[in-house]
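User: Please take a close look at a single part of this structure. Plain words will do, and each term should be explained once.

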Amino acid sequence: MSVTRSEALSPAAVSGLVWTLVRTDFKTRYQPTVGGFVWALLKPFAMFLVLMAVFSFIFGGDPAYRFHLIIGLFLWDFFAEATKHGLVSLQAKSYLINKAKFPAWVLVISAASNALITLGVVCVAIVVFLAVGGRAPGPLACGLFLLYLVQYILIVTGFSLAASVLFLRYRDLNQLWDVAIQAGFFVAPIVYPLSIIPERFHFFLYLWPPTPIIQFARAVLVEGTIPTARAHAFLAIETLVILAIGLWVFRVLAPRAAEYL
Amino acid sequence: MAVLDVRDVAKSFRIPDVHRTTVREHALALFRPRRFRDLRVLDGVTFQLARGETLAIMGRNGCGKSTLLKIIAGIYAAERGHVVRNAGITPILELGLGWNPELDAVDNVYLMGAVLGLTLGEIRAGMDDILAFAELRPFASLKLQHYSSGMAARLAYAVAFHAVREVLVLDEIFAVGDVGFIMRCQERYRALSAAGHAVLLVSHDPRIVTTFCHRAILLEAGTIVMDDTPERVCKEYLRLVTGAR
């Protein structure tokens, strides 16, 4: 047991550490490449063009299909990237955990930062894409979309906190998560409309966190409808449960993280 | 009042007879439970560090020195006992911790400083002093991968000296570089000591321990076997490692 009277980092030092890790990580990742940050955006855009070209033959009857596809794809891309980086975040910076004393959650949060920056940019791109297509969302739709994004980030944070400490004990979790992500792409209604799946299965699909986020975002941004209060309550509970589990697992396992490196 | 009070600290690691580090290994051996044995690394370690005091910890490899420093720094949790920290601690268990060879000196100062607990304002305010102390002002925008190992170590030292709080904890780290730089490090170190900073230092080098320390502790198999003057502890340490009687 340890007692600390004046050893903890100040909030200013912690926020400075987060900012420095995010900034230097961003710089190292994109500065050496021609086009820099554009590469991060190119991946979901290229995917959109390919899937649009292929699936418009099947779902081309729906004039809003391209809007649904771009929202689904971009939101999915954030989930896949942020959770993958979050999962390996502590292991990737193990030299810091093993030799310095600071809150380990800082590493988990900063690992998802690049995906978060990309999400910010693609959200602007989504709104512009909708406006150019004659479906400019109103302030209420944008506000609700922002609310869903906040919940999405909390879900990713909860998952990353738990997965990052579990990964130190189970070193094949990243491979298992890669498989889950590949399957999850088709569980979430990204390239197909949810309506083609029998309604009795919808509840199970909604348990996969990207599904409600994508569906709700499409409803407010493209369809101009607002999901029911019950649907909102479902998403809020799902978010809180994932975040609470993530915080609990992290709180229990993080103090001994350095011993598993 | 001691700035650091270590009381009856004990630490064991549970060592399994079979290492299972993946979900697959755990799943395949679900009904084959593992046996664990406790490896006792520290047992009943008790000492105090006074303000302005420099204390050396000596001991053979594997005697528990690094584990003790990690418990004091708060990186490992002690299994039993207490570490009471009455002052801010700067643990430097590895030189240049967190540096990135793909970034220039300025970015690396931010990175290393932030890892050592400095705020952005403190780093910004100290940037000129850090680069001047490391004699790297003309190379501030050069990526670290183009530095010699001596230049990189100088930068790391400069940041570490700037980040020192009341208590400095050092693991096998002492000045490298040319004679001029070593002398400047020693000067800075003496100034810190004179200003009341306490230092806890792990070293195998009797010359460093007798030159800089007021007191020394000899650790053997996880327990303190001697707490005395640096000269006496160095003598006993040399007797232990050489097997001389």
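Analyst: Helices are DSSP runs of H or I with at least four residues, strands are runs of E with at least two, and both are numbered from the N terminus. The expected span of a helix is 1.5 Å times one less than its number of residues. This is a predicted model, in which local features need pLDDT of at least 70 and side-chain atom pairs count only at pLDDT 80 or more, while totals for chains, interfaces and linings use all residues. Residues are numbered from 1 along each chain as its sequence is written, chains are lettered from A and ligands numbered from 1 in the order written, and side-chain values use heavy atoms, without hydrogens and water.

The part chosen is helix 5 of chain B, residues 149–162. Its 14 residues should span 20 Å at 1.5 Å a residue, and its end C-alpha atoms are 20 Å apart, so the two agree.

Eleven of the 14 residues in helix 5 of chain B are buried (under 20% relative accessible area, with a 1.4 Å probe and protein chains only). Among them are B:M151, B:R154, B:L155, B:Y157 and B:F161. These buried residues pack against strand 5 (89–92), helix 3 (105–115), helix 4 (120–133) and helix 6 (179–194) of chain B; contact means heavy atoms within 4.5 Å.

B:L155 is among the residues with the most contacts inside the largest nonpolar core, which has 113 residues (buried Ala, Val, Leu, Ile, Met, Phe, Trp, Tyr and Cys joined through side-chain atoms within 4.5 Å). Helix 5 of chain B gives this core its largest share, eight residues. Beyond its neighbours within four places in sequence, B:L155 is in contact with residues including B:V109, B:M112, B:I130 and B:L144.

Methods. Buried means under 20% relative accessible area, exposed over 50%, partly exposed in between (1.4 Å probe, protein chains only).
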